[in-house]
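Dear colleague,

Please find below the structure I promised to pass on, followed by some notes on what turned up in it.

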Amino acid sequence: MPRTTKNDVPTAPAAPRVISGRVVRTGGLSLRVQGRAVAVTALLVVLLVVVMGITLTTGDFPLTVGEVVGALTGNGSGAADFVVNTLRMPRILTAVFVGAALAVSGAILQSLTRNSLGSPDIIGFTNGSAVGALVVIIVLHGSMTQIALGALVGGLATALAVHLLLIGRGLQGFRLVVIGIGVSALLLAANSYLITRATFQEAQEAQAWLIGSLGNRLWMHANAIGIAVAVLLPPAFLLTRRLAMVEMGDITAMALGVNVARTRTILLVISVALAAFATAVTGPIWFIALAAPQVVRRLTGSSAPALLSSALMGALLLALSDLVVQRVFAPALLPVGTATGAIGGLYLIWLLITESRKSRA
């Protein structure tokens, strides 16, 4: 019998999923391929390349595709090389890597909690990173590198605090989301307090960081988040099958040979690290982690987590949002966090209404 407590409902096995697709076998390995998921993934790759191409070729200094290719291969003019390799390429790569990191972080949390509201910005990990950054900005008067390190430490410390509050209670249902929302509210109050204690210049710097921006991002930012993504995404992708089993329910997952506690811990650490590194590089960028995985599930029609497609969707949403704020609102220099916040707020309202209708049905 599943273990229960006074306030808990027994965790029953989820209804079996109807799995469709074609099985491809190579040697001793077999892989189930779903045509719709493959098509969506391919489309996302194409759209991402198109958005990156538009970003690199348009702006105050328009370039042709040939000039961009020449600059990237070291055969371009001095002006084209500066515009592409110093101004535009680091920014677009940072957007791609940060969007992918946030989307995969959100996809993992939503699967672990079996809740569409499970994302680092809702649960509080993003606010934790913000507290760490504000402490460095206002109290320690640190450099940009130290601000990024403070954001990383703040995000990880918040995750540890949430984990300690959940010891012995598990991650079923709304428990993690509810505790995370409470922790997020406390951290938001801490952010407000720190800003009120700051000088005018420090408050301006802190507020600019809190909005989330890709402006003035250099190769060191792109390299930092690129390395984090290269290290953290492969193990997340390798654990996708176990993540899908855990999402089906603890009893079902254990019956299939999955060490549920260990799998949850590893995936939670990966999710928190991805969100913390992304926030450390750009500041808090809201709703990418919340929206990207849900949009992918609706496009692919799959109930299982699709981490690769989620990563591509997150990269596309953030790159497209940054392109819009750069080109549509020029010459105003709007941070990308304003675009994702506006779009994400509308999405959150729609998601809450949809979930409310489902619960009444």
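Helix H12 gives the most to the lining of the largest cavity, contributing three residues. Please bear in mind throughout that this is a predicted model, and that the values below are computed from it.

To set that helix in context, the structure holds two cavities of 30 Å³ or more, and the largest of them encloses about 50 Å³ of space. Its lining is made up of 13 residues, of which Leu102, Thr126, Thr279, Pro284 and Ile285 are the closest to its centre. Besides H12 (260-282), the elements that give two or more residues to this lining are helix H3 (78-113) and helix H4 (120-123).

As for the chain as a whole, its 15 helices are accompanied by two strands, and buried residues account for 50% of the 361 residues. Among contacts between residues at least 6 apart in sequence, 75% join residues that are at least 24 apart. The chain exposes about 17,900 Å², and carbon and sulfur atoms supply 69% of that area.

On the surface, you may wish to look at a nonpolar patch of about 400 Å², which is made by Leu320, Val324, Val328, Phe329 and Leu334. The last of these residues, Leu334, lies in the loop between helix H14 (307-327) and helix H15 (336-360). Is Leu334 buried or exposed? Leu334 falls in between and counts as partly exposed, because its relative accessible area is 33%, whereas buried would require under 20% and exposed over 50%.

With best wishes

Note on methods:
Residues numbered from 1 in each chain as written. Predicted model: local features only at pLDDT ≥ 70, side-chain atom pairs only at ≥ 80, totals over all residues. Heavy atoms only, no water. Patch = residues over 30% accessible without salt bridge, like charges linked within 9 Å, V, L, I, M, F, W, Y side chains within 5 Å. Areas by Shrake-Rupley, 256 points an atom, 1.4 Å probe, with all protein chains shown as cover. Salt bridge = Lys/Arg side-chain N within 4 Å of Asp/Glu carboxyl O. Helix = DSSP H or I, 4+ residues; strand = E, 2+ residues; numbered from the N terminus. Buried < 20%, exposed > 50% of the residue type's maximum accessible area, 1.4 Å probe, protein only. Contact = heavy atoms within 4.5 Å. 1 Å grid on protein atoms, 1.4 Å probe; cavity = no way out; pocket = protein on both sides within 12 Å on 5 of 7 lines; lining within 4 Å. Points joined across faces, edges and corners; volume = space filled by probe spheres on them.
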